[in-house]
Amino acid sequence: QVQLDESGGGLVQAGGSLRLSCAASGRTFSSCAMGWFRQAPGKEREFVAAISRSGGSTYYADSVKGRFTISRDNAKNTVYLQMNSLKPEDTAVYYCAAKTVFYSGAVYTTRTQYDYWGQGTQVTVSS
């Protein structure tokens with residue numbers, strides 16, 4: 001069982017930056033591939049970024065590539081999402097997700113592939 005707790009959301013002007021954190025409980029964090037998703041009002045939850053269990057592989061949605069960076073610290077049981085050059089269209093609730101895996105190099109981009117979810121943190125970008 002993995003419990004996830006996101007933090008770091010808030011209100012920022014367009015062009016600004018935020019860093020989201022997702023702290024995981026339990027002893028299995030290093031066995032999990034991790035992902036960030038987001039959901040804007042009236043829209044489906046969409047993939048943002050993913051990182052492998054080892055941290056050696058990452059993958060991004062085209063809409064955030066070059067602006068967002070996902071990273072993890074297995075010693076701290078935490079995954080991060082550094083968001084730069086934020087745009088109003090980045091406004092959404094951001095969710096952290098975890099998937100227990102055996103292969104350390106895999107990343108996962110589909111919502112249904114993940115086993116555990118956090119409660120989400122609101123990110124609002126003003127124009």
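Two strands count as paired if DSSP finds at least two bridges between them. The model used in these exercises is predicted.

**Exercise 1. Pairings of β4**

Apply the pairing rule to β4: which strands does β4 pair with, and in which direction do they run?

Step 1. Take β5, residues 46-51. It is joined to β4 by 5 bridges. The cut-off is at least two bridges, so β4 and β5 pair, and they run antiparallel.

Step 2. Pick a position in this pair. M34 of β4 stands opposite I51 in β5.

Step 3. Look at the turn. The hairpin of β4 and β5 has 6 residues between the strands. Among them, G42 takes a positive phi near 75°.

Step 4. Now take β9. It shares 8 bridges with β4, again antiparallel. Here R38 stands opposite Y94 in β9.

Step 5. Add burial, with buried meaning under 20% relative accessible area. Of the 8 residues in β4 (32-39), 7 are buried, so by this cut-off the strand is mostly covered.

**Exercise 2. The neighbours and faces of β11**

Find the strands bridged to β11, then state which residues form its covered face and which its uncovered one.

Step 1. Start with β2, residues 10-13. It is joined to β11 by 4 bridges, and the two run parallel. L11 has T124 as its bridge partner in β11.

Step 2. Turn to β9, residues 92-100. It makes 3 bridges to β11, and this pair runs antiparallel. The partner of Y94 in β11 is T121.

Step 3. Recall the rule for side chains. In a regular strand they alternate between the two faces of the sheet.

Step 4. Read the faces of β11, residues 121-126. T121, V123 and V125 make up the covered face. Q122, T124 and S126 lie on the uncovered one.

Step 5. Combine the results. T121, the partner of Y94, belongs to the covered face. T124, the partner of L11, belongs to the uncovered face.

**Exercise 3. The open sheet**

Give the strand order of the open sheet of 4 strands, and explain why one side of β1 and of β7 has no neighbour in the sheet.

Step 1. Write the order: β1-β3-β8-β7, with antiparallel pairing.

Step 2. Inspect the ends. β1 (4-7) and β7 (68-73) stand at the edges. Each has a single partner strand, so one side of each lacks a neighbour in the sheet.

Step 3. Add the twist. From one strand to the next it averages 15°.

Step 4. Check the partner of β1. Strand β3, residues 18-24, is joined to β1 by 4 bridges and runs antiparallel to it. Within this pair, S7 has S21 of β3 as its bridge partner.

Terms used
Residues are numbered from 1 along each chain as its sequence is written. This is a predicted model: local features need pLDDT of at least 70, side-chain atom pairs count only at pLDDT 80 or more; totals for chains, interfaces and linings use all residues. Side-chain values use heavy atoms; hydrogens and water are left out. Axes are lines fitted to C-alpha atoms, for helices over the stretch in contact, and angles run from 0 to 180 degrees between N-to-C directions. Buried means under 20% relative accessible area, exposed over 50%, partly exposed in between (1.4 Å probe, protein chains only).
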